[in-house]
Amino acid sequence: LKGSSTSSLSLLLIFEKEGVYLHTNAKRSNQDTTIPGFIRIVENALLTLEWSPLEDEGRSAPAVLYTKKDGEGGEEDTNFDPGYEPDWAVISTVKRDRDPPFRPTGLWSFSLPLSELYSLRRARFSLGRNFLVLTSRGGHPLPPLHFHRGGTRELFRALQRYIMLDQSPVDGRLFLAYPHDSGALSQSFEKLQLFDDGGSDLVSRFIQDPYATTFGGFSKVTNFFKAALKPPGSPAHFRTAQDPSLPHQSDEEPGFELINCGVELGPRPDVTRGQPLNKWDEFLDPEGRVKYPEKIKELVFRGGVTPFLRKEVWKFLLGFYPWNSTAKEREDILRLKTDEYFRMKVQWKSVGEEQEMRNSLLRGYRSLIERDVSRTDRHNTFFSGNDNPGLTLLHDVLMTYCMYNFDLGYVQGMSDLLSPLLFVTQNEVESFWCLTGFMELVHQNFEESQEAMKKQLLQLSILLKALDPELCDFLDSQDSGSLCFCFRWLLIWFKREFSFEDILTMWEVIWSGLPCDNFHLLIACSILVSQRGELIGSDHDFNTILKHINELTMKLDLQTVLRGAEAIFLQLTQCKELPLKVQQVLGLYVPSSSEEDSPDSQASETRRLLGESPAGASSSSSSSSPHAARVPTYP
């Protein structure tokens with residue numbers, strides 16, 4: 001029992017979180033004020049959600065602070081961190097037709113009964129911070145809250161013990177709050193459209209016969225998933241209870257349907273890896289053009305690139321140089337790109353301290369970069385030790401990338417992508433432009449909405465469902481179908497799962513663009529399938545699965561994983577009825593145009609990089625993406 005500032009009575013404290021900052025001025029960000037405090041769920045006569053400032057707790061704290069302990073020195077950093085602790089927020093726009101149900105208990109304190117909580121939605125204001133905004137059923141929004149030290153997920157879990165939070169079907173950031181009663185349950189079932197007759201008797205039917213009521217509706221989910229996996233025109237479709245024209249199968253229980261989402265795959269073939277690409281000059285014509293780029297990509301896919309050639313080959317794989325450019329054209333491209341890089345670098349270098357104090361976004365990016373740089377690949381000699389020039393280059397390239405792509409700026413994890421590029425090229429300009437090519441492939445991973453990451457996890461689930469339905473179902477049952485313990489793998493392309501040298505090989509294999517789209521998802525499948533016995537054979541829950549996945553770091557054999565991924569690809573493509581969704585994930589459904597492989601398109605790309613516009617040249621140039629000239633079929 002704990003006394004609360006909102007009442008003289010003893011209240012039962014259910015949840016409490018410190019470091020929750022109240023935002024007093026959401027619209028006028030140039031005069032933004034934030035107040036540190038506590039958020040609580042307490043129970044007395046009613047369950048209420050309260051926020052109170054630190055001053056009400058008999059403590060003191062500055063009012064304008066966004067701080068986090070520095071990872072190295074442990075000192076407070078008063079700069080705002082964009083991208084740090086991206087969190088949830090709750091907001092709604094409804095008609096204001098009632099008096100506010102929450103009680104202001106001080107200048108900014110409030111207390112809101114959970115029965116009056118209407119909606120929850122993620123929100124971000126102009127400074128880029130993520131906020132939690134509570135809105136009452138009368139349409140009265142409370143001041144936005146920022147969970148500086150995290151904790152919104154814990155708050156959600158605590159709230160869900162007393163109310164239901166229902167995600168909006170039209171806005172993934174919006175959650176509606178319902179009380180735990182039969183009316184709300186019926187409303188949720190109706191919204192999911194699992195039942196045709198979701199009337200008022202739904203809950204009573206659920207209580208009387210939960211088996212028939214639940215699985216009678218959930219069979220529709222099975223049908224939907226199966227229909228998504230089956231290719232058009234496939235004869236093996238599910239019979240639905242709504243289609244009386246189809247005969248009833250005697251081996252099925254009346255009113256139910258067979259659940260079988262797998263596809264019949266042939267045996268997984270054995271695959272051998274090749275030797276790394278160790279010759280370069282023999283692939284160049286007298287003017288320095290690469291004569292057989294597709295042959296080079298195949299060799300890279302088979303065995304990677306020998307270390308002494310990486311500095312040259314990577315610039316082609318990542319689109320810095322077009323494959324059809326001459327040696328003279330590459331010199332001109334390097335000169336132009338060097339000028340462009342230093343023009344962008346001067347932009348942030350010339351921002352004075354006083355000016356930066358009025359640019360919280362740039363100040364936040366700098367703070368986040370400085371912290372990440374200090375802990376990125378310090379075991380590597382190129383970045384080890386204090387005052388290492390490699391760390392300075394890492395910092396400068398990342399700051400310049402913020403000028404190149406200010407909309408994205410800097411997000412934690414991007415330093416992990418740059419450090420291998422800088423290590424291989426050991427050149428500030430070349431590593432920067434290789435980074436821009438790499439980010440063309442993965443920039444969506446770092447966007448705030450995380451839609452690209454959700455899509456990739458769904459695609460991974462589709463592939464795993466086709467490969468091993470039992471393993472997929474087991475992992476889904478422990479993780480609500482999201483496979484989120486693979487999140488880090490996909491975010492930075494396994495950077496922290498393999499040794500530094502192995503990750504160089506893995507990345508160049510993926511950059512080759514062979515043998516299909518999303519080869520990194522097949523790599524993830526290869527790892528999961530290799531751990532099948534350990535995962536299914538043990539009594540794992542979500543936490544132990546996550547622990548096991550994390551403990552695989554630096555224990556996986558790269559060549560075994562790559563052989564497994566390629567073997568999975570061959571096994572899938574040899575299936576005569578490969579599900580349409582699987583074909584789409586691997587890029588096999590829509591044929592690629594051969595136009596991008598033509599010398600004319602390659603030459604136009606070189607002219608674009610050099611800023612030339614000769615008469616007769618096409619107005620649209622091909623993409624500088626390293627996948628622009630990829631082979632559409634397996635070599």
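**Notebook: T505 and strand β4**

I looked up T505 and found that it counts as buried (under 20% relative accessible area, where over 50% is exposed and in between is partly exposed, with a 1.4 Å probe and protein chains only), because its relative accessibility is 11%.

I note that this is a predicted model, in which local features need pLDDT of at least 70 and side-chain atom pairs count only at pLDDT 80 or more, while totals for chains, interfaces and linings use all residues. Residues are numbered from 1 along each chain as its sequence is written, and side-chain values use heavy atoms, with hydrogens and water left out.

I placed T505 in helix α16, residues 500-511. Helices (H or I, at least four residues) and strands (E, at least two) are DSSP runs, numbered from the N terminus. Leaving out residues up to four places away in sequence, I listed what T505 touches: G303, G304, R310 and L558. Contact here means heavy atoms within 4.5 Å.

Next I turned to strand β4, residues 47-53, and found six of its seven residues buried. Two strands pair if DSSP finds at least two bridges between them. I found β4 joined to β3 (residues 34-43) by seven bridges, running antiparallel. The two form a hairpin, with three residues between them. I also found four bridges from β4 to β5 (residues 110-113), again antiparallel.

I then followed E50 of β4: R40 is its bridge partner on one side, and S111 in β5 is another bridge partner.

Last, I checked the whole protein. It has 22 helices and eleven strands, and 51% of its 635 residues count as buried.
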